[in-house]
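Let's take a relaxed walk through a protein chain, one piece at a time. Keep the picture open while you read, and look up each residue as it comes along.

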Amino acid sequence: MLTLSTAQPQQPGLAAPASAAKKRIGYCKVTNHFIDGHLASLSGTAAKVYLVLMRFADHRGMAWPSMGKIARLAGVSIRTASSAVNELESQRLLGRRRGGS
């Protein structure tokens with residue numbers, strides 16, 4: 001399981017589109033903290049992997065897609081996706097819990 005850093009203050013007046021609530025279109029939100037503080041210093045692969053992980057994050061920032069799914073959606077190998085996750089972890093953009101279900 002991966003825990004993403006998703007801290008961002010709520011902005012009044014912003015609500016999910018009705019179609020997103022139906023899960024037909026869906027969306028994910030990338031924090032300003034990520035863009036302003038980390039995007040420029042990350043590799044392109046790490047940025048793509050972060051975006052994939054944000055897609056799967058719940059309201060607590062928890063995500064648990066398989067490394068294969070992350071790699072497939074980011075368009076990289078599993079080894080490259082794993083290296084990108086390590087890069088994100090070293091930048092403290094995510095934490096990892098190993099084991100369990």
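## How sure is the model?

Among the elements of the chain, which helix has the lowest mean pLDDT, and which has the highest? Helix α1 (residues 18–21) sits at the bottom with a mean of 48, while helix α4 (residues 67–74) comes out on top with 96. Keep in mind that this is a predicted model, and that pLDDT is the predictor's confidence in each residue, from 0 to 100.

For the chain, the mean pLDDT is 80, and 72% of the residues get to 70 or more. Residues 7–16 are a weak spot, with pLDDT below 50. Beyond near neighbours in sequence, that stretch has seven contacts in the model.

## The overall layout

The chain has five helices and three strands. Follow the sequence from start to end and you meet them in the pattern β-α-α-α-β-α-α-β.

There are 101 residues in the chain, and 27% of them count as buried. Now take the contacts between residues with a separation of 6 or more: 60% of these join residues 24 or more positions apart.

## The nonpolar core

In general, nonpolar side chains in soluble globular proteins tend to be buried together. Here, the largest nonpolar core has 17 residues. Leu42, Val49, Tyr50, Leu53, Ile70, Leu88 and Leu93 have the most contacts inside it. The elements giving two or more residues to this core are α3, α4 and α5 (78–90), and α3 gives the most, with six.

Two core residues are worth a stop. Leaving out residues up to four places away in sequence, Val49 touches Ile70, Ala74, Ala81, Ala84, Val85 and Leu88. Leu53 is found in helix α3. Is Leu53 buried or exposed? Its relative accessibility is 0%, so Leu53 counts as buried. Leu53 and Trp64 are 11 residues apart in sequence, and their C-alpha atoms are 8.3 Å apart in space.

## How the helices pack

Start with α3 and α5, which pack at an angle of about 85 degrees with their axes 9 Å apart. Angles of 65 to 115 degrees count as roughly perpendicular, so that is the word for α3 and α5. On the α3 side, the meeting residues are Thr45, Ala46, Val49, Tyr50 and Leu53; on the α5 side, they are Thr80, Ala81, Ala84, Val85, Glu87 and Leu88. Sorted by class, this contact has eight nonpolar, two polar and one charged residues.

Next come α4 and α5, whose axes come within 8 Å and cross at roughly 100 degrees. That makes α4 roughly perpendicular to α5. Met67, Gly68, Ile70 and Ala71 of α4 make this contact with Ile78, Ala81, Ser82 and Val85 of α5. This time the classes are six nonpolar, two polar and no charged.

## Stops in the loops

His38 sits in the loop between α2 (32–37) and α3 (44–56). Why does His38 count as buried? Its relative accessible area is 13%, and buried means under 20%. Not counting residues up to four places away in sequence, His38 touches His33, Gln91 and Leu93.

Gly61 is in the loop between α3 and β2 (62–63). With 0% relative accessibility, Gly61 counts as buried. Gly61 and Leu94 are 33 residues apart along the chain, with 9.1 Å between their C-alpha atoms.

## Two loop residues that are not buried

Ser77 belongs to the loop between α4 and α5. At 39% relative accessibility, Ser77 counts as partly exposed. Ser77 is 10 residues from Met67 in sequence, and the C-alpha atoms of Ser77 and Met67 are 9.3 Å apart in space.

Where is Arg92? Look in the loop between α5 and β3 (94–96). Arg92 counts as exposed because its relative accessibility is 72%. Its backbone deserves a look too. Most residues other than glycine have a negative phi. Arg92, though, has a positive phi, near 60 degrees.

Notes
Residues numbered from 1 in each chain as written. Heavy atoms only, no water. Helix = DSSP H or I, 4+ residues; strand = E, 2+ residues; numbered from the N terminus. Buried < 20%, exposed > 50% of the residue type's maximum accessible area, 1.4 Å probe, protein only. Contact = heavy atoms within 4.5 Å. Core = buried A, V, L, I, M, F, W, Y, C linked by side-chain atoms within 4.5 Å. Axes fitted to C-alpha atoms, helices over the stretch in contact; angles between N-to-C directions. Parallel < 35°, antiparallel > 145°, perpendicular 65-115°, else oblique. Nonpolar A, V, L, I, M, F, W, Y, C, P; charged D, E, K, R; others polar.
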